[in-house]
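Thanks for coming, everyone. I would like to walk through one helix and then say something about the cysteines, so please have the sequence and the model open in front of you.

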Amino acid sequence: MASSSMHQLSFARHPLLPRTCRLQPRPRFSSVRFPSFSVRASSAVAVELDTGTQKDPTLDGEIFSCPICYEPLIRRGPSGLNLEAVYRSGFKCKKCNKSYSSKNNFLDLTLTAGLRDYVEVKPARTELFRSPVVSFLYERGWRQNFNQSGFPGQDEEFKMAQEYFKPAEGGLLVDVSCGSGLFSRKFAKSGTYSGVIPLDYSENMLRQCYDFIKQDDAVLKANLALVRADVSRLPFSSCSVDAVHAGAALHCWPSPSNAIAEITRVLRSGGVFVGTTFLRYTPSTPWIILPFRQRTAQNYSYLTAEEIEDLCTSCGLTNYTRKIQQSFIMFSAQKP
Ligand SMILES: C[S@@+](CC[C@H](N)C(=O)[O-])C[C@H]1O[C@@H](n2cnc3c(N)ncnc32)[C@H](O)[C@@H]1O
């Protein structure tokens, strides 16, 4: 059984084969813990380093890919999808000859990781959350305020998301724009997924995320790694992720269309995307003022329910469904 799933993995990841999600879905990890999965990753590194030849590229098994070329990264260090192993590992893209490493317990897989002179400034809606003060306050009152706009609250939102994620149970979940990790911790603790990757662009949110994780042994020991990345450039191979969650995030992204295209790319066939955001209109907004509602208000990018559906379906996602309460929308869509 184990060898047959290994064979499947090898076959699915051969670089000379077309990377069609439909024909070669990524094997599920429900019964395969990441340590054994990643032992193969480290053997690949060993083969690579010892012989200088790429004996069996399919052995790499690394879930992180280069944000420049999307080739799986080569890991040097302890195996496993856990905070310690990833923190103590170095990652390298053989193609781009670029190295990536962890800083303060998160692995920096942004395009700008390690740059000395160039500094990228994103739109205000992204930059705001990089602030240490906002990151500190986020789970200490800021997020709770969303309830006034119709957000049902963390526990209820988690339950709703888990329902949508049923087809992805046992797989790898990426919590894109995780903030301080309020949902990542719940996903990790639920035991529903083989691995959870809290991912955010904000270094300070990821530090908060780590501080909260440290306080909960069950989460600390979970198959989990903190990653810094831009939602428009996700560091995963195409068709390699089972579930993507993006709570209260779409209105903060510099380009929702780039982000949803990128989420679609990384999802495997049958993989599920669940997001929440604030809508530009509430169901009770009088029709007479609809044309005057700005898409960009208070620096955020608020879409309508129809625009969100349009974006998802134009990227090829199907089974679109949504729940709306005042300005809150939770939507879900699936990769065919
Ligand atoms: C309002 S918070 C949502 C946090 C959490 N998911 C929740 O449900 O409360 C929005 C998050 O989006 C992140 N973000 C903004 N722009 C991003 C980008 N380009 N790539 C990844 N994350 C981004 C911010 O850093 C922030 O943590």
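Let me start with helix H11, which spans residues 305-314 and whose buried residues are Ala-305, Glu-307, Ile-308, Leu-311 and Cys-312. These residues lie on the same side of H11, because they cover an arc of only 165 degrees around the axis. Please keep in mind throughout that this is a predicted model.

If we turn to the other side of H11, we find Glu-306, Asp-310 and Ser-314, which are exposed. What, then, do the buried residues of H11 pack against? Their partners are two strands towards the end of my list, E12 (318-325) and E13 (328-334), together with strand E9 (267-278) and helix H10 (256-266). After H11 comes Gly-316, and the phi of this glycine is positive, near 100 degrees.

Now to the cysteines, where a bench reader will probably ask about disulfides. How many disulfides does the model contain? The count comes to 0, with a disulfide taken as a pair of cysteine sulfur atoms within 2.5 Å. Cys-69, for instance, is in no disulfide, since the nearest cysteine sulfur, which belongs to Cys-93, is 3.5 Å away. As for its surroundings, Cys-69 has a relative accessibility of 24% and therefore counts as partly exposed. Cys-178 is likewise in no disulfide, and the nearest cysteine sulfur to it, that of Cys-209, is 4.2 Å away. Is Cys-178 buried or exposed? With a relative accessibility of 5%, Cys-178 counts as buried.

Terms used: Residues numbered from 1 in each chain as written. Predicted model: local features only at pLDDT ≥ 70, side-chain atom pairs only at ≥ 80, totals over all residues. Heavy atoms only, no water. Buried < 20%, exposed > 50% of the residue type's maximum accessible area, 1.4 Å probe, protein only. Helix = DSSP H or I, 4+ residues; strand = E, 2+ residues; numbered from the N terminus. Arc of directions from axis to C-beta. Contact = heavy atoms within 4.5 Å.
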